[in-house]
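Reader: I would like a close look at a single part of this model, taken slowly and with the reasoning set out. Please concentrate on the aromatic side chains and on what surrounds them.

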Amino acid sequence: MKNEFRKTLSDISHPKLLPRKKRFFWGVIIGPPFSFLLLHLYYRMPVMPSVLISLLFGAAFIGLFIWEICAEKKYADLKNRIESGVYYEQEQWLESYRQYRAAHDFRPVKANSLKADLNRHYLRPAGIVMISFAMCMLLPAVFWRTGIAELNGFLAVGGLIFLVWGLVILLRTPVRKFLRSCGDELPHIERSYLNGKTLKYKQNVINIGGNYTVMLDASGITAADNRRITAVTRGVRRTRHFINQMYAGSELEYRISIQYQDADGRPCTRSLRLNEFQAEMAYEALAVFRKPASYDEKTMHEIG
């Protein structure tokens, strides 16, 4: 029932995108006459302003369709260049990559333990803010003698709520679960991690060590034995954004994907989002396992 409710809400906020011909028909052929009738008959606007506004709506829709068509051609060419490898061989791109790497190379691990470094990456400012609010309420509740029991009680209860809330945010991380899952391999993973090299993009981190590659993001932490890695792919995903059936631009997302076998020999895949040049750096660092680049697309349609 809960999953069905979520699916219903998702379908309402992200309805199905109509084919381009139908969108053109409704936006350019039907839209302007309908807007004219609405403005002139319902809102009692004079004829000429109604005509001009309706024509402007139609021109705007035509402009959005031209933008969409041009974008499709542009990204179709990008897809071909990425999948063929030509994109990564362009001199301009290579120069930009060299400049980025010179300024943002891999970083060593500064913590003295695996647990400490993982906890540092999962430290959430929101948790610290909640605990700060808690202290601002608990301290007056204890030391401020207002003479009003209700006020001190309100401050104490509110402070405890914020304190628990902040602790939940800070402590609800996948670190403890990951450390338990490592079992007897934990000392080896920790040694590899502490001597490895790290890249960080927002809250996403990849650590490439001599024996293990560790990746972590909001979904969890994965440690892949380098001896069991079978393929490494750099991927590019284009997300097409539509609002009310009209094209609203595209966003490119760069990822590094690692295929490996777990301790039981089962095939696994772990993908991590990085920026464009970080994905290339991780790809080169795992050069033995490199595979051609991939490109895919997804569509996000929202009601605005």
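Author: A good place to begin is Tyr-100, which has a relative accessible area of 17% and is therefore buried, since the cut-off for that class is under 20%. This is a predicted model, and what follows should be read as a description of that prediction. Phe-277 falls in the buried class as well, because its relative accessibility is 16%. The rings of Tyr-100 and Phe-277 have centres 5.4 Å apart and planes at 40 degrees, so the two form a tilted pair. This pair joins distant parts of the chain, for Tyr-100 belongs to helix 4 (residues 91-103) and Phe-277 to helix 10 (residues 276-285), with their positions 177 residues apart in numbering.

Tyr-100 and Phe-277 also belong to one aromatic cluster, whose other members are Tyr-87, Tyr-88, Trp-93 and Tyr-97. In the model as a whole, the count of aromatic pairs comes to 12. One of them is formed by Tyr-87 and Trp-93, whose ring centres lie 6.1 Å apart, and because their planes stand at 55 degrees this pair is tilted. Both Tyr-87 and Trp-93 are buried.

Charged side chains also meet aromatic rings in this model. Tyr-88, a member of the cluster, has the charged end of Arg-234 over its ring, at 3.7 Å from the ring centre. At another ring, that of Phe-106, Lys-197 lies over the face, 4.9 Å from the centre.

Arg-234 leads on to the sheet, as its number falls within the range of strand 6 (229-243). The sheet is open and has four strands in the order 8-7-6-9, with mixed pairing. Its edges are strand 8 (267-274) and strand 9 (294-302), each of which pairs on one side only, and from one strand to the next the twist averages 30 degrees. Strands of a sheet pair through backbone hydrogen bonds, in either a parallel or an antiparallel sense. For strand 7 (residues 246-261) and strand 8 the sense is antiparallel, and their pairing extends over eight bridges. Within these strands, Tyr-254 stands opposite Leu-274 of strand 8. Helix 3 (residues 47-84) packs on this sheet, where it touches strand 6, strand 7 and strand 9, and its direction makes about 20 degrees with that of strand 7.

Methods
Residues are numbered from 1 along each chain as its sequence is written. This is a predicted model: local features need pLDDT of at least 70, side-chain atom pairs count only at pLDDT 80 or more; totals for chains, interfaces and linings use all residues. Side-chain values use heavy atoms; hydrogens and water are left out. Rings of Phe, Tyr and Trp (its six-membered ring) pair if their centres lie within 6.5 Å; planes under 30 degrees apart count as stacked, over 60 as edge-to-face and the rest as tilted. Buried means under 20% relative accessible area, exposed over 50%, partly exposed in between (1.4 Å probe, protein chains only). Helices (H or I, at least four residues) and strands (E, at least two) are DSSP runs, numbered from the N terminus. A charge sits over a ring if NZ of Lys or CZ of Arg is within 6 Å of the ring centre and within 35 degrees of the ring normal. Two strands pair if DSSP finds at least two bridges between them. Axes are lines fitted to C-alpha atoms, for helices over the stretch in contact, and angles run from 0 to 180 degrees between N-to-C directions. Contact means heavy atoms within 4.5 Å.
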